[in-house]
Amino acid sequence: MEDIAPSYDLVVLGTGLTECILSGVMSVKGKKVLHMDRNDHYGGESSSVNLETLFKKYGNYQQGTEPWKKYGRPNDWNIDLVPKLLMSNGELTNILVSTDVTRYIEFRQVAGSYVQQGQGSKATVAKVPSDAGEALKSPLMGLFEKRRARSFLNWVAAFDEANPSTHNGMNLTQTTMRQVYDKFGLEASTRDFVGHSMALYTTDEYVDKKGMAKDCVERIRLYVNSMARYGKSPYIYPLYGLGELPQGFARLSAIYGGTYMLNTNVEEIKYGFDGKVEGIRATMKERGEEGDGFKFETKCSKILADPSYFPDKVQVVGHMLKAICILNHPIEKTDNADSLQLIIPQSQVGRKHDIYIAMVSSAHNVCPKGYYIAIVSTIAETEANHHLELQPGLERLGKIEEQFMGPPIPLYAPKESGEKDNVFISKSYDASSHFETMTDDVRDIYRRAEGQELVVEGLKEGTNLVAEE
């Protein structure tokens with residue numbers, strides 16, 4: 001009997017944002033894509049859920065009670081499971097614009113980007129200065145340090161890789177960032193907010209790595225340019241929550257011929273004699289369907305997947321701690337901002353990893369008026385007292401109406417590149433409150449799977465993604 005199993009260039013497993021971006025991009029580039037998820041909804045770990053679902057997911061209620069009703073209709077809430085914001089000039093924004101996914105999603109600006117110095121009631125919380133003028137006004141620095149920071153930021157703004165006269169006598173491809181900081185005489189606290197709140201490094205490992213100065217300067221310039229685009233902060237955020245992003249890329253893939261199947265379990269991955277993947281066997285069930293469901297097989301030459309589909313091919317590289325909190329007030333010392341990123345650099349609280357706070361509100365249509373959703377996250381550094389590791393961030397929130405915190409979340413990374421068997425696996429989302437590390441993973445997977453760089457156009461002058469408030 002003739003083999004009539006359909007054939008695809010690519011099967012994508014899981015509908016997290018990383019997978020949906022790659023599915024959409026591959027479809028636009030002419031690949032025949034089959035995209036599946038064992039769940040009945042898009043988004044995976046990057047989905048947005050309503051309030052009732054959140055209470056039930058974390059077990060924050062007793063049987064027979066409905067505490068979510070205190071906060072209005074559950075469906076008026078869209079709460080992200082991953083705390084992330086978009087850099088307005090960042091890689092994810094470039095991908096959204098170049099693929100035209102922005103036709104499906106509206107964005108609103110995030111009101112502020114803050115950094116904390118010190119801890120407890122004596123801590124200073126201030127906006128991250130993004131240019132020389134703001135540096136001179138910042139309460140984060142004394143008078144002489146402000147002048148040194150102004151000099152540094154002026155140099156970063158003028159830096160042109162092709163023009164050695166702007167390099168201040170340094171070869172950034174051979175220089176450490178510590179040497180750059182030393183050259184400008186910057187204090188430790190200034191280095192903290194530059195490296196962690198502007199360049200967005202998650203630890204201090206970058207400081208002494210040779211050649212990292214160029215990367216650091218490029219990151220700072222990205223922050224500054226993103227800040228300049230809309231003014232209040234460098235970040236934007238989709239109306240109705242991050243769950244809109246994977247759905248937007250799913251629509252894009254469908255327009256270009258991609259096939260989507262939810263409620264579909266993978267039963268078997270088939271490999272050829274050369275060890276490379278050549279197909280899958282799966283079962284799809286309609287929601288609430290009785291019986292065995294629809295069984296099918298398909299051929300494919302490559303698979304892209306989130307770590308949960310290949311537990312034997314990934315390793316745990318750390319654990320994320322996360323607390324989702326509901327507030328009925330803005331965070332103190334942030335100018336009553338209705339949304340923000342606030343970073344507590346690790347050195348300020350005696351840690352090795354930063355603590356992140358991402359907060360959104362009714363301004364982004366994710367909760368009723370008068371409420372705020374704040375997510376505090378970091379990387380676990382101990383095997384116990386995880387609540388204490390988040391405490392500096394939780395203290396910054398003030399009075400918390402509801403707090404949802406589960407056990408530490410394992411962070412996975414693939415053991416191998418995937419080139420041996422053509423199974424390419426994504427990394428887990430990290431604790432940072434922005435998408436830049438995730439888009440690095442998108443580019444890395446595309447490079448491994450396609451053998452070339454992912455090329456996307458930058459934002460054109462005058463492009464406006466932000467909805468009128």
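How far is the sulfur of C325 from the closest cysteine sulfur, and in which residue does that closest sulfur lie? The views below, all taken from a predicted model, begin with this cysteine and then turn to the domains.

**View 1. Surroundings of C325 and its closest cysteine sulfur.** The closest cysteine sulfur to that of C325 belongs to C367 and lies 13 Å away, which is too far for a bond. Because a disulfide by the rule applied here requires sulfur atoms within 2.5 Å, C325 and C367, with sulfurs 13 Å apart, do not form such a pair. C325 counts as buried, its relative accessibility being 0%.

**View 2. C300 and the absence of disulfides.** The count of disulfides in the model comes to 0 by this rule, and C300 accordingly takes part in none, the nearest cysteine sulfur being that of C20, at 18 Å. With a relative accessible area of 5%, C300 is buried.

**View 3. Division of the protein chain into domains.** Domain 1 is assembled from the segments 7-47, 243-313 and 413-450, domain 2 from 60-110 and 315-411, and domain 3 from 131-230. Between the C-alpha centres of domain 2 and domain 3 the distance is 27 Å, and their contact draws on 15 residues from domain 2 and 14 residues from domain 3.

**View 4. The interface of domain 2 and domain 3.** These two domains bury about 1,200 Å² between them, with 51% of that area on carbon and sulfur atoms. On the side of domain 2, the residues that lose the most area to domain 3 are M87, S88 and N89, which together supply 39% of what that side buries.

**View 5. Polar character of the same interface.** Across the interface of domain 2 and domain 3 there are 8 residue pairs in polar contact, whereas the salt bridges found there number 0. The domain 2 residues touching domain 3 comprise 4 nonpolar, 9 polar and 2 charged.

Key:
Residues are numbered from 1 along each chain as its sequence is written. This is a predicted model: local features need pLDDT of at least 70, side-chain atom pairs count only at pLDDT 80 or more; totals for chains, interfaces and linings use all residues. Side-chain values use heavy atoms; hydrogens and water are left out. Domain bounds come from an automatic or database domain assignment. Contact means heavy atoms within 4.5 Å. Buried area is the accessible area (1.4 Å probe) that two parts lose on being put together, summed over both. A salt bridge is a side-chain nitrogen of Lys or Arg within 4 Å of a carboxyl oxygen of Asp or Glu. A polar contact is a pair of N or O atoms within 3.5 Å; within protein, one must be able to donate a hydrogen and the other to accept it, and residues adjacent in sequence count only if both atoms are side-chain atoms. Ala, Val, Leu, Ile, Met, Phe, Trp, Tyr, Cys and Pro count as nonpolar, Asp, Glu, Lys and Arg as charged, and the others, Gly among them, as polar. Buried means under 20% relative accessible area, exposed over 50%, partly exposed in between (1.4 Å probe, protein chains only).
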